[in-house]
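This report goes through the fold of one protein chain, from a covered strand to its pairing partners and the core.

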Amino acid sequence: MSAQTARSDEDRPGTAPVAGRTAHGGPERINPPHLAPPTGFSHAVRTAPGTLVFLAGQTALDGSGRIVGDGIVEQFARALTNLLEVAAAAGADPSDLVKLTVFAVDVADYRQHARELGRVWKRLVGSDFPAMAVIGATRLWDEAALVEIEGIAVIP
């Protein structure tokens, strides 16, 4: 991979690995050096042939169908945990996540808690970041939900 395609971790302190496949031959994160350094996401993720797993949006629902967590950080942690449990049931590891969309009812609140959300991500997923987007939503299906996360995984 050329320097035009990706840079190493040393080139971008505090960001995820930006090039290379995971230990099990999974997705390759690509972050061109001429773009702004990504923080908490990758600009692109390239995968080899594999099985696509489409992960439905998950909120902070508990097993009884109630939203749990008073704030964005707690709800994000539960929604991400739910997403990872669905992914695991389909045979995908956290490092197989290639695309996530986060829907937030208050993007300013999401941004204000970005560091805490990053710590949740690292605790639950590690340092691999998929291609991601955060989209503001006026409300979600579950009215008490502050955040919903959907994604795509590729199992090598």
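## A covered strand and its surroundings

Of the 9 residues in β6, 7 are buried, so to say mostly covered. The model shown here is predicted.

β6 pairs with two other strands, as the table sets out.

| Strand pair | Direction | Bridges | Residues opposite each other |
|---|---|---|---|
| β3 and β6 | antiparallel | 6 bridges | L52 and V154 |
| β4 and β6 | antiparallel | 7 bridges | V102 and I149 |

I149 also appears in the nonpolar core. The largest such core holds 27 residues, and F76, L80, W121 and I149 have the most contacts inside it. At least two residues of this core come from each of β3 (51-58), α1 (72-89), β4 (97-104), α3 (114-124) and β6 (147-155). The biggest share, 9 residues, is from α1.

L80 illustrates how the core is joined. Leaving aside residues up to four places away in sequence, L80 touches W121, L124, V125 and I149.

The chain as a whole can now be described. It contains 3 helices and 6 strands, and from the N terminus their order is β-β-β-α-β-α-α-β-β. The chain has 156 residues, and 41% of them count as buried. Its accessible surface is about 8200 Å², with 54% of that belonging to carbon and sulfur atoms.

How many of the contacts between residues at least 6 apart in sequence join residues at least 24 apart? In this chain the share is 71%.

Notes
Residues are numbered from 1 along each chain as its sequence is written. This is a predicted model: local features need pLDDT of at least 70, side-chain atom pairs count only at pLDDT 80 or more; totals for chains, interfaces and linings use all residues. Side-chain values use heavy atoms; hydrogens and water are left out. Helices (H or I, at least four residues) and strands (E, at least two) are DSSP runs, numbered from the N terminus. Buried means under 20% relative accessible area, exposed over 50%, partly exposed in between (1.4 Å probe, protein chains only). Contact means heavy atoms within 4.5 Å. Accessible areas come from the Shrake-Rupley method with a 1.4 Å probe; for residues, only the protein chains shown count as cover. A nonpolar core is a set of buried Ala, Val, Leu, Ile, Met, Phe, Trp, Tyr and Cys residues joined through side-chain atoms within 4.5 Å. Two strands pair if DSSP finds at least two bridges between them.
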